[in-house]
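Morning, everyone. Let me put the model on the screen, and then we go through three spots.

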Amino acid sequence: MFRQTKTVLQKLGCLSFRGQRSCRLQSTSAKDRALQYQAGQKIHGFTIREVVAVPDLFLTAVKLTHDKTGAQYLHAARDDSNNLFSVQLRTTPMDSTGVPHILEHTVLCGSEKYPCRDPFFKMLNRSLSTFMNAFTASDYTMYPFSTQNAKDFQNLLSVYLDAVFFPCLREQDFWQEGWRLENEDPKDPNSPLVFKGIVFNEMKGAFSDNERVYAQHLQNKLYPDHTYSVVSGGEPLDIPDLSWQQLKHFHATHYHPSNARFFTYGDLPLEQHLKQINEDALSRFEHMEPNTQVPSQPHWTNPREDHVTCSPDALAPDPARQNTLCMSYLLGDITDTFEGFTLSLLSSLMISGPNSPFYKALIEPKLGTDFSSVVGYDGSTKEASFSIGLQGMAEEDIERVKHIINQTIDDIIENGFEEERIEALLHKIEIQMKHQSTSFGLSLASYIASCWNHDGDPVELLQISHSVSKFRQTLKDNPRFLQDMVKHYFKENTHRLTLSMSPDDAYLEKQAKAEEEKLLQKSQNLSESDRKEIYEKGLQLLEAQSETQDASCLPALKVSDIEPTIPVTPLEMGTAGGIPVQYCEQPTNGMVYFRAMCSLNTLPEDLRLYVPLFCSVITSMGCGSLDYRQQAQQMELKTGGMSVNTAILPDSTEMDMYEQGVLLHSSCLERNLPDMFQLWSDIFNSPHFDDEERLRVLVMMSAQELSNGISNSGHMYAMSRAARSLSPAADLQETFGGMDQVKFMKRIAEMPDLTQVLRTLPRIKRHILNPDNMRCAVNATPQKMSDAAGQLDHFIKDVGINRKERKAVRAHLVERPLDPSAEPGVSPCRKLISEPEYQPCHMKTFYPLPFPVNFVSECIRTVPFTHQDYASLCILARMMTAKFLHGEIREKGGAYGGGARMGSGLFTFYSYRDPNSVQTLSAFRKGVDWAKAGKFSQQDIDEAKLSVFSAVDSPVAPSNKGIGHFLSGVTDEMKQAHRERLFRVSDKDLVEVAGRYLGVGQRTSGVAILGPENETISKDPSWLVK
Ligand SMILES: [Zn+2]
């Protein structure tokens, strides 16, 4: 894995958490118990340094150091059962061979106590973890996991500690994960030698993304003097310069407790963690001087300019406008918490939303399609940076853009910011502290990682409200405080880089040629015996990969450790203004969550393709008396966000039935409930559809975003396309979110005149924002629920004029009661579309794209959720992934990932960043043969069950409780029945469903590949090439 950098505010965005869920048998809460610790107290080889209550985040922070090694430790005690562990090493490479990244992969290939291959992937099936992963950042490597089960925590901790501190680091692991020379066909000694290796391919894939290429260059060039000048993930053609010896040396010097930071979070007792970490790992080390500090970047006395190239983007809205330009400024040290907080706020004021000066100056004149991908504050390096610029620009506009940036900075120094915008931003921080997500521990770990990595104080960073009040005070004392900062950091800063990037038609060709040359350089001096050795090593690796692995050394939970029943979510069904409403009382920390599902049943077919566009602009065009700027301001001041998205919900009992609609979603603090509903009322009653210029800006940004997303989410597009011809719901899903939609948006973005589109929007609005076709859901605290219900009632009455009975477009509508326990005919209903005449058919589609890797998918029509065999197919997909496909597609095939999944009645195979294309399709088929032959053990089945249950039982945030019921009508009883079927799945069931649904002759399937030009496919007329 490779971490993308995020700004502090974005990180704050995931900084959200959940309330008390589990009731462990303890009289006091975890955060109160932790307050009993005393500074100076010694526990299991550690000394407590500091104990601090952090009421903003409902936690107690305990800071410790390990006596013998100096390892640093932070514990955040909080009444959250989703406990987290992470260990973070400062890794500061001085070359671009990707050594920290390859090491991150290789330590997970077996360790002293757990010598079996790939314990990490194997633990995924032996645990109820809610998260397991590893990340390589520019200057640290992090290994986090989380789980709700105490026994599981100990098991995973044991595996993680052993992997990080005592890995085997075998030569064969290095070849598999890093790079190797190997015969193209390992079984044929006469086939040409090529580079292989998981990280090698992963990085080739990563750098097929132009945004990533640009971000990497920008960092390398802004900090040219130390570790930030190299590619920590690995520059593909530098990777083959790394030796196994160098890898082991890097481990010895960086993966040492004296260079480590440990973080634990949750309601499990700290002592147990300390004991285990000390006994299993730290006690076996002595103190050392790691020498991994990153020195400050020497400041330039003159600004610099530079230029780089990239591959042309075939999907860019306008091929003549593909230039990117940014100006980047070196800022202060991130260990100065308040300076970092202020700079990150300042960055938001400068660039976020239509009211910010840079949005007005750069986006609205349409000089580019969107901001450049690295825009804003970046606190992931020792000294932060700020970047501002555009992508999708014409070459002749470059000078103008530079001028505008400088001019805008002058304007900000002159005029400052409106007070209301500052308030809106502080309100956003308040919401982010109150909103609860399910991965709070992980968000905290990543929030503090960079600052702590450079010896900043992580506890200070957690005390967000201290920074907020200091900020308010500073601004009061000096109203020009922010302007002075802009002057200092931007106007007068000579450490500034202007970096432009333009497409080069020969880019991919040059890259391929460079790889060939590298290959020649590595292979030309090989003797006959060297070649023979390479061939033999290739065979050995293949053999090792094909061996059945004995994983019995690894700890594991048992199926009997899984809770037999699900907790019931209490829901209440009611009405407001005659509209059905689902109420769900939850500990939401003073937040209210509102959703409305609006049906598309009456929408004329010719408008369908426009629905995603409608959704993406409806909350951003202005409404009522507010123009779009005022609307954006009001939304920031009063809500936690308002969004509209398409929703296609396959029925849980019939394959050819589904509900189609759009989902409105928003949240707010309790005190702002009337304001939030007023905003929705204005959107329903008087949305603005008259500003063509505004629409053009929104369309351009959304087309650019879609086009940029493909290289990261190619597998999603491949899966969606493969499913298209298999069910009516999948067909509509493809229309709304597939490659066709990407091309449609590109077409709209290229239209010189958008008046026709503008005229289409109100027609869509009449059908969608119609209370006659609507149902709502509210999640709030019990204290606030009746007030929320009253406000909702008021809102529905307020938008009553839009209520019109219209005829559905499709003939076959089936009604399903929202509340299955109510009398039929009385209770309000969901109206589903039924297509009993639907004929699924076989279809193979290929999208040639300028990527060096493929995304491959095959999808098979099976059975809906409530069918007897659904549970068996879920277990089968999981087992096939872990026990067969992972080995074939990732280990042998060299793809970054691949597997099978079951959902919406479809069994889907996929691969991600795959050097192979049609060969992967045969790997899928071999997977089916493997399953039909029943070559798996009871242990394999149990592991698949654990893995499926860890997904089924993953924590749900209070804001999302009951939403499955609201949308799809899946009740707790149905979930419990599914659960019981999952428990009962036997080996016989698995062999049977593999034969019944997946075998050749039994199945109706669709196939899709996204990838580079492909000779095999172009010669095969059974493929549709788009
Ligand atoms: Zn990786």
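I will take a helix, then a helix pair, then a single residue. This is a predicted model, where local features need pLDDT of at least 70, side-chain atom pairs count only at pLDDT 80 or more, and totals for chains, interfaces and linings use all residues. Residues are numbered from 1 along each chain as its sequence is written, and side-chain values use heavy atoms, with hydrogens and water left out.

Start with helix α8, residues 210–222. Helices here are DSSP runs of H or I, at least four residues, and strands are runs of E, at least two, numbered from the N terminus. Expected span is 1.5 Å times one less than the number of residues. For the 13 residues of α8 that gives 18 Å, and the end C-alpha atoms are 18 Å apart, so the two agree. Its buried residues (under 20% relative accessible area, 1.4 Å probe, protein chains only) include V213, Y214 and L218. Their cover includes α7, β12 and α19.

Next, the pair. The axes, lines fitted to C-alpha atoms over the stretch in contact with angles from 0 to 180 degrees between N-to-C directions, come within 10 Å for α11 and α17 and cross at roughly 70°. The two helices are therefore roughly perpendicular (65 to 115 degrees). Contact means heavy atoms within 4.5 Å. On α11, F338, F341, T342 and L345 make the contact.

Last, M974, in helix α33. Buried or partly exposed? Partly exposed (20% to 50%), with a relative accessible area of 22%. M974 sits 7.5 Å from T866, C-alpha to C-alpha, though they are 108 residues apart in sequence.

Terms used. Parallel < 35°, antiparallel > 145°, perpendicular 65-115°, else oblique.
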